[in-house]
Amino acid sequence: GSARTSALDYLPIYFDSQVQVMLLSANPAESVNYRLTIQADPVETLTYEEERTGLAAQTGQATFDFEGQRGDVISVRVEGDPASDLTLTLFRVGDGLPLAEDDDSGAGYLPELLAIQLAENATYRVEVRQRGIDLAPTEFTISVERVASRLVPGEELELVLPGKLHQNVALAIFEAEAGQTYDLTVLRDLPGLEFAGPDALLRISVLQNGRDLAALGFNQETELSTRFVVPEAGEVLVSVNRTFFATSPNVLPTALRLRLAPVN
């Protein structure tokens, strides 16, 4: 008889699992030979500050993996045709649960993720899909950048958390020597009584290679300090996270001043 081809263009699999495929004949009395082909979509690799080009279509997604460390604060930006109706989703590989997703927060209503803090040392995946109906495949560019300010020992650095629910993390970075002891002082300017209550709770964490070196918690204090030792030479992260919000998604911006001093 004549050969017929059926195709399932796109089947997303988000968890590590076994997948069963069942083939059913429309005519149980007819003997049919099948040839089944399964092909994984290619996954490209991204590094911080790198820009890559992809092609999004309704029948699949463009997929990019990158290595992230616990405490990293990242932003993911997509540029392309504003009429392409793209969506952007961030996963941890092997988990499958979306960590963040967006479809129109960026310029030209393109998707964008801002100030997302990674919880673990892991491989992370961003997927770009085309959501609209009867749209031609479209090219786009994507980049993942670590959002950080440089903290210089002996100088003062100001970090600002915007008054937006989805922008609740700020990050500073400094280079350290192995075995060096540092004093970190954090000062906060209270804008007034409006800041009293749950919006005032902040957490400051010091991390290296995903390992906690020190932590501070603000409530109504205006100044806190901590001393810590850096075990390895290299980059150290100071992460500021607004850990609790009032009912309104918009709160007052928070300004912090960081002072870092090596201890002789």
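How many bridges join strand 12 to strand 17? In this predicted model, the count is 8, and the two strands run antiparallel. Strand 12 covers residues 169–176, while strand 17 takes in residues 234–242. To pick out one spot along this pairing, look at Leu 171: its bridge partner in strand 17 is Ser 239. Strand 17 also pairs with strand 14 (residues 202–208), again in the antiparallel sense, this time over 6 bridges. Here Leu 207 stands opposite Leu 237 of strand 17. As for the surroundings, 8 of the 9 residues of strand 17 are buried, so this strand is largely enclosed by the rest of the structure. A quick reminder about what holds such neighbours together: strands of a sheet pair through backbone hydrogen bonds, and they can do so in a parallel or an antiparallel way.

Next comes a sheet built from other strands. It is an open sheet of 4 strands, and reading across it gives the order 2-9-4-7, with antiparallel pairing. Strand 2 (51–56) and strand 7 (112–117) sit at the edges, each pairing on one side only. Going from one strand to its neighbour in this sheet, the turn is 20° on average, ignoring direction. Strand 7 is joined to strand 4 (residues 73–80) by 4 bridges, and these two run antiparallel. One place to find this on the structure is Arg 77, whose bridge partner in strand 7 is Glu 112.

Now for the aromatic rings. The model has 6 aromatic pairs. One of them is made by Tyr 48 and Phe 66, with 6.0 Å from centre to centre and 50° between the planes, which makes the pair tilted. This pair links distant parts of the chain: Tyr 48 is in the loop between strand 1 (43–45) and strand 2, whereas Phe 66 belongs to strand 3 (residues 61–68), and 18 residues separate them. The two partners also sit in unlike surroundings. Phe 66 has a relative accessible area of 2%, so it counts as buried. Tyr 48, at 22%, is partly exposed, because the buried class ends at 20%. Tyr 124 joins in as well, and together with Tyr 48 and Phe 66 it forms one aromatic cluster.

What about the outside of the model? A nonpolar patch lies on the surface, formed by Val 19, Val 21, Leu 23, Val 32, Tyr 34, Leu 36 and Ile 38. Together these residues have about 670 Å² of accessible area. Tyr 34, one of the members, is found in the segment before strand 1. With a relative accessible area of 48%, Tyr 34 is partly exposed.

Finally, the backbone has a couple of spots to check. Most residues other than glycine have a negative phi. Glu 49 is not a glycine, yet its phi is positive, at about 70°. Glu 49 lies in the loop between strand 1 and strand 2, and its relative accessibility of 51% means that it counts as exposed. Tyr 109 is another non-glycine residue with a positive phi, here about 60°. Tyr 109 lies in the loop between strand 6 (100–102) and strand 7, and at 66% relative accessibility it counts as exposed too.

Key
Residues numbered from 1 in each chain as written. Predicted model: local features only at pLDDT ≥ 70, side-chain atom pairs only at ≥ 80, totals over all residues. Heavy atoms only, no water. Pairing = 2+ DSSP bridges. Axes fitted to C-alpha atoms, helices over the stretch in contact; angles between N-to-C directions. Phe/Tyr/Trp six-rings, centres within 6.5 Å; stacked < 30°, edge-to-face > 60°. Buried < 20%, exposed > 50% of the residue type's maximum accessible area, 1.4 Å probe, protein only. Patch = residues over 30% accessible without salt bridge, like charges linked within 9 Å, V, L, I, M, F, W, Y side chains within 5 Å. Areas by Shrake-Rupley, 256 points an atom, 1.4 Å probe, with all protein chains shown as cover. Salt bridge = Lys/Arg side-chain N within 4 Å of Asp/Glu carboxyl O.
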